[in-house]
Amino acid sequence: MRLVRMINASTAVSNRRFYTSKATLDQIIRVDHAGELGADRIYAGQMAVLGSTSKGPLIQHMWEQEKHHRAKFEELIRKHRVRPTVMAPFWDLAAFALGAGTALLGEKSAMACTVAVETVIVEHYNDQLRTLLEDPECNKELMEVITKFRNEEQEHHDTGIDQGAEQAPYYKLLSEAIKCGCKTAIAISKVI
């Protein structure tokens, strides 16, 4: 009888660990899919305003990478049967408006937007990588994807700095407002 209780307790613990790992995996994929959707739409908004300027090719290059990121997370959503955030239609509109709005303020403001968003995303991806490393059965594919995308997001951040983001009018205020919005979108997308 005691052996049966031990086996049942062991099974409950391993089932709970699997559930936690699945829940964590779902949350990571859901929020990253939402983030990459947002990034895609931010660059679409910037291209709508600045696409025909000298910054157009640079923004287009970053946008192409974001389109790839979004497509990969759409693939992972399907593969792992993860429910996307219900906020996706809102994030789509808000992100386009953010991209276009900052671009209307000028090239440096658009780059300030890029720097602010990518700062939050790089930190977010680093947090996820730490979480995945804690799991002895972590999803290696997801770790590789996040690592690659984090590096590309860091490249976008550095490009924005190189393009004069910090010279944008009211840079600190603009940057902090965008970072706050990004962190809020991440928190909401984790849950719904």
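This short talk covers a helix pair, a cavity and two annotated sites in the structure shown above. Please keep in mind throughout that the model is predicted.

Let me begin with the helix pair. Two packed helices are described by the angle between their axes and the distance between the axes. Here the pair is helix H4, residues 107–134, and helix H5, residues 140–162. Their axes come within 8 Å, and the crossing angle is roughly 155 degrees. Angles over 145 degrees count as roughly antiparallel, and H4 and H5 are therefore roughly antiparallel to each other. As for its hand, the crossing of H4 and H5 is left-handed. Turning to the residues of the contact of H4 with H5, 13 are nonpolar, 9 are polar and 3 are charged.

I now turn to the cavity. With a threshold of 30 Å³ or more, the count comes to 1 cavity. The largest cavity holds about 40 Å³ of space. Which residues line the largest cavity? They are Val31, Asp32, Gly35, Glu36, Ile121, His124, Tyr125 and Ile186. Helix H1, which spans 2–50, and H4 are the elements that give two or more residues to this lining. The largest share comes from H1, with 4 residues. By residue class, the lining of the largest cavity divides into 4 nonpolar, 2 polar and 2 charged. Helix H4 thus appears in two parts of this talk: in the crossing with H5 and in the lining of the largest cavity.

My last topic is the annotation. In UniProt, an unreviewed entry carries a "binding site" annotation that covers Glu36, Glu66, His69 and Glu153. Are these residues clustered or scattered in space? Although they are spread over 118 residues of sequence, they cluster in space, with a largest C-alpha distance of 10.4 Å. From this set, Glu36 belongs to the lining of the largest cavity.

The unreviewed UniProt entry also gives a "binding site" annotation covering Glu66, Glu118, Glu153 and His156. These residues are spread over 91 residues of sequence, yet they too cluster in space, and the largest C-alpha distance is 11.4 Å.

Glu66 and Glu153 are named in the annotation with Glu36 and His69, and also in the one with Glu118 and His156. Where do they lie in the fold? Glu66 lies in helix H2, residues 56–79, and the place of Glu153 is in helix H5. That returns us to the opening pair, in which H5 crosses H4 at roughly 155 degrees.

Definitions and conventions. Residues are numbered from 1 along each chain as its sequence is written. This is a predicted model: local features need pLDDT of at least 70, side-chain atom pairs count only at pLDDT 80 or more; totals for chains, interfaces and linings use all residues. Side-chain values use heavy atoms; hydrogens and water are left out. Axes are lines fitted to C-alpha atoms, for helices over the stretch in contact, and angles run from 0 to 180 degrees between N-to-C directions. Angles under 35 degrees count as roughly parallel, over 145 as roughly antiparallel, 65 to 115 as roughly perpendicular and the rest as oblique. A crossing is left-handed if the near helix is turned anticlockwise from the far one by less than a right angle, and right-handed if clockwise. Ala, Val, Leu, Ile, Met, Phe, Trp, Tyr, Cys and Pro count as nonpolar, Asp, Glu, Lys and Arg as charged, and the others, Gly among them, as polar. On a 1 Å grid over the protein atoms alone, a cavity is a set of points where a 1.4 Å probe fits but cannot get out, and a pocket is an open set with protein on both sides within 12 Å along at least five of seven lines; lining residues have an atom within 4 Å of a point. Grid points are joined across faces, edges and corners, and a volume is the space filled by probe spheres set on the points. UniProt positions are given in the numbering used here, feature names are shortened, and annotations may be inferred rather than shown by experiment.
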